[in-house]
Amino acid sequence: MRVARIDENICDRSPFCPAAMSCRFKAFKVTFGGSFRVNISIDEEKCTGCGVCTRYCPHGAIELIDREKAS
């Protein structure tokens with residue numbers, strides 16, 4: 001079983017993240033802080049590893065890894 005993982009060194013943390021919007025399982029959490037700070041994370045319990053988000057990420061910041069390695 002696979003799960004999506006975000007490379008925070010590549011992710012631009014856009015509040016309009018197309019990968020987060022593409023997830024039909026609502027696995028992405030987009031939280032807003034002060035001064036335009038945005039944090040994007042993936043709820044591994046909701047992620048099915050389908051890979052749709054990897055195709056929508058314009059920066060290639062999302063990869064699928066084995067669920068065992070994610071923990």
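These exercises, each with a worked solution, walk through one predicted model.

Residues are numbered from 1 along each chain as its sequence is written. In this predicted model, local features need pLDDT of at least 70, side-chain atom pairs count only at pLDDT 80 or more, and totals for chains, interfaces and linings use all residues, while side-chain values use heavy atoms, with hydrogens and water left out.

**Exercise 1. The core**

Find which residues of the largest nonpolar core touch the most other members, and which elements each supply at least two of its residues.

*Solution.*
Step 1. Fix the term. A nonpolar core is a set of buried Ala, Val, Leu, Ile, Met, Phe, Trp, Tyr and Cys residues joined through side-chain atoms within 4.5 Å. Buried means under 20% relative accessible area, exposed over 50%, and partly exposed in between (1.4 Å probe, protein chains only).
Step 2. Look at the members. The largest core has 19 residues. Ile6, Ala19, Phe28, Ile40, Ile42 and Ile62 touch the most other members.
Step 3. Place the core. β1 (2-6), α1 (18-22), β3 (38-42) and β4 (62-66) each supply at least two residues. Helices (H or I, at least four residues) and strands (E, at least two) are DSSP runs, numbered from the N terminus.
Step 4. Take one member, Ile62. Contact means heavy atoms within 4.5 Å. Beyond its neighbours within four places in sequence, Ile62 is in contact with Ala4, Arg5, Ile6, Ala19, Phe28, Cys53, Thr54 and Cys57.

**Exercise 2. Two residues of one helix**

Decide for Ser22 and for Met21: buried or exposed?

*Solution.*
Step 1. Locate them. Ser22 is in helix α1. Met21 lies in helix α1 too.
Step 2. Apply the cut-offs. Ser22 counts as buried because its relative accessibility is 18%. Met21 has 60%, so Met21 counts as exposed.
Step 3. See what surrounds Ser22. Setting aside neighbours within four places in sequence, Ser22 is in contact with Val52, Cys53 and Tyr56. A polar atom of the Ser22 side chain also lies 2.7 Å from the backbone oxygen of Ala19.
Step 4. Add a distance for Met21. Met21 and Tyr56 are 35 residues apart in sequence, yet their C-alpha atoms are 8.9 Å apart.

**Exercise 3. Charged pairs**

State how many salt bridges the structure holds, and name the partners.

*Solution.*
Step 1. Recall the rule. A salt bridge is a side-chain nitrogen of Lys or Arg within 4 Å of a carboxyl oxygen of Asp or Glu.
Step 2. Count. The structure holds two.
Step 3. Take Arg5 and Glu44. Their side chains meet at 3.2 Å, N to O. Arg5 lies in strand β1 and Glu44 in the loop between β3 and α2 (52-56), so this pair ties together parts 39 residues apart in sequence. Arg5 is partly exposed at 29%, and Glu44 is partly exposed at 24%.
Step 4. Take Arg13 and Glu8. Their closest N and O atoms are 3.8 Å apart. Arg13 is partly exposed at 32%, and Glu8 is partly exposed at 48%.

**Exercise 4. A charge without a bridge**

Find the nearest side chain of opposite charge to Asp43.

*Solution.*
Step 1. Place Asp43. Asp43 sits in the loop between β3 and α2.
Step 2. Assign charges. Lys and Arg count as positive, Asp and Glu as negative; His and the chain ends are not counted.
Step 3. Search. The nearest opposite charge is Lys29, 4.2 Å away. Asp43 is buried and has no salt bridge.
Step 4. List contacts. Not counting residues up to four places away in sequence, Asp43 touches Ala27 and Lys29.

**Exercise 5. A hairpin and some positive phi values**

Describe how β2 and β3 are joined, then locate Ser35, Arg13 and Lys26.

*Solution.*
Step 1. Check the pairing. Two strands pair if DSSP finds at least two bridges between them. Five bridges join β2 (residues 28-32) to β3, and the strands run antiparallel. Val30 has Ile40 as its bridge partner in β3.
Step 2. Go to the turn. Five residues separate the strands of this hairpin, and Ser35 there takes a positive phi near 55°.
Step 3. Recall the background. Most residues other than glycine have a negative phi.
Step 4. Place the others. Arg13 has a phi near 55° and lies in the loop between β1 and α1. Lys26 has a phi near 55° and is in the loop between α1 and β2. Lys26 is exposed, at 61%.

Technical notes: Polar contact = N/O pair within 3.5 Å; in protein donor to acceptor, adjacent residues only side chain to side chain.
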